[in-house]
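Dear colleague,

I am handing over the structure below, followed by my notes on what turned up in it. Please read the two side by side.

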Amino acid sequence: MEAFAIEGGKPLSGTLRIHGAKNAALPILAATVLAEGQFEIHDVPHLKDIEVMLKILSEIGAKVSHKEHCVSIDTSQIHETHVPDELMGQMRSSIFLMGPLLARFGEVTISRPGGCAIGERRIDLHLSGLTALGAEYVDAEGYITFRSKSLLGNKIFLTFPSVGATENLMMAAVLAEGTTSICNAAREPEIVDLQNFLNAMGAKVRGAGTDTIVIEGVPKLASVSYRVIPDRIVTGTHLLAVGIAKGHIELHNTVPDHVTALIEMIRGSGVEIKVRHDIMEIKNTSRPHPINRIMTSPYPGFPTDLQAQMMAYLSLANGTSLMKETVFEGRFKHVTELERMGASIYVDLGTAFIRGVDKFYGASVEASDLRAGAALVLAGLAAQGTTCVQQIHHIDRGYERIERQLQQLGASISRINI
Ligand code: UD1
């Protein structure tokens, strides 16, 4: 089994290019199913979740290769509309295939995605949205099968601005007859990226980035070349890494506007951040000030995907901070692991009270999910002594070789076999 061994206490320095966004690449790869032809998708990171998506595409008949950071996909021979069960079970994002397969072939079968470490993760909005577009489904014996002769545009209201449901419905509606509007849509930058990709294919989508997305259906789409946006969660993780470990770094290939909420908060707690085009210069020499009140919320609010890393950072503040998780109810599994390293955190009813401590101590800890794992790596960078982070396959789902990224910034971290 692989783990990370981290010798804490080294300030970070140097330059790092941020890789493409996993959460933008996944729906875009699924959307290639919508047209027959040869696609080239650039800046796709080498991550476990991307591998699973490419494997699914290949098992349903696409020809796929992932060289350097470019994915080539030929979707002309896709013939299968049943997403393989085993792969469906490995990654919740395989649900993104539902909209595109239904739109192109009039049918799709998936096995019901199971629970997950960070919360219940329901799919009711995906199901009711596709039903509103005229498809019918059967949910029996662990499988969901949708069928529709032709999808029809409609007005859909999401009771919560779900990122995945917004994307799935956009992908289904592009080939529907007539106009679809998705109200209370999620506004994440990855949704804007999906709109740009679909429009490059010939779709007519507008409004992504606002809470109403309007899609005029077209009869056919075409294959294209496209580059995905930089990963804002990886960017945010490195901003917090400097906040925790101190030092002075430059991040290239960033979109600073995508991390506004984080920038404003950590500037207020003492980290210096300068922005020049797509370059961010980050400097920190002191212990953070606490942040009185943070609440995770859909974009442009503070992202739930940075909550764990922020908690590691605030654990070292010179005072008490308060953080409420409102997106995923179970997303506090990192608390006990941070406590093993010396943090002092009390959780009640979805709110964490974080009393800052002077230092972390190296310990053996386990990643329970992707971002919780990243938080433990950050804590290890600041800890006195050696930290061993186990279950790092979770971290590999969202960060391309995080140890190399941090080594490039001067950290003492290595991947070891235990
Ligand atoms: C996406 C991101 C994930 C991020 C999350 C929230 C991808 C691949 N993943 O996940 O990294 O943490 O957004 O920013 O982009 N919900 C329902 N019914 C549904 C769908 C969702 O009740 O049909 C609820 C979920 O249980 C959860 C909340 O909505 O409490 C947010 O989920 P959603 O926005 O759908 O997240 P994902 O798309 O799964």
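In this predicted model, Arg371 has a relative accessibility of 4% and therefore counts as buried, the cut-off for that class being under 20%. Arg371 belongs to helix α12, which covers residues 370–382. Leaving aside residues up to four places away in sequence, Arg371 is in contact with Lys22, Ile233, Asp305, Ala308, Gln309, Arg331, Gly398 and Tyr399. With Tyr399, one of these residues, there is also a polar contact from side chain to side chain, at 3.2 Å. His394 follows 23 residues further along the chain, and the C-alpha atoms of Arg371 and His394 are 8.2 Å apart.

Two of the residues that Arg371 touches, Ile233 and Gln309, turn up again where helix α8 meets helix α10. The axes of α8 and α10 (residues 307–314) approach to within 9 Å and cross at roughly 5°, which makes these helices roughly parallel. On the α8 side the contact is formed by Ile233, Thr237, Leu240, Gly243 and Ile244, and on the α10 side by Gln309, Met310, Ala312 and Tyr313. Sorted by class, the residues of this contact are 6 nonpolar, 3 polar and no charged.

Helix α8 has a further neighbour in helix α9 (residues 260–268), the two axes coming within 10 Å and crossing at roughly 5°, so α8 and α9 are likewise roughly parallel to each other. Here Gly236, Leu239 and Leu240 of α8 meet Leu262, Ile263 and Ile266 of α9, a set that comprises 5 nonpolar residues, 1 polar residue and no charged ones. Leu240 thus appears in the contact with α9 and also in the contact with α10.

The remaining notes concern the sheet that α8 lies across. Helix α8 (residues 232–245) lies across β2, β14, β15 and β16, and runs at about 170° to β14. These 4 strands form an open sheet in the order β2-β14-β16-β15, with mixed pairing. The edges are taken by β2 (12–17) and β15 (272–276), and because each has a single partner strand, one side of each has no neighbour in the sheet. On average, neighbouring strands in this sheet are turned by 10° against each other, direction ignored. Within the sheet, β14 (residues 247–252) and β16 (residues 279–284) run antiparallel and are joined by 5 bridges, and His248 stands opposite Lys283 of β16.

With best regards

Notes. Residues numbered from 1 in each chain as written. Predicted model: local features only at pLDDT ≥ 70, side-chain atom pairs only at ≥ 80, totals over all residues. Heavy atoms only, no water. Helix = DSSP H or I, 4+ residues; strand = E, 2+ residues; numbered from the N terminus. Buried < 20%, exposed > 50% of the residue type's maximum accessible area, 1.4 Å probe, protein only. Contact = heavy atoms within 4.5 Å. Polar contact = N/O pair within 3.5 Å; in protein donor to acceptor, adjacent residues only side chain to side chain. Pairing = 2+ DSSP bridges. Axes fitted to C-alpha atoms, helices over the stretch in contact; angles between N-to-C directions. Parallel < 35°, antiparallel > 145°, perpendicular 65-115°, else oblique. Nonpolar A, V, L, I, M, F, W, Y, C, P; charged D, E, K, R; others polar.
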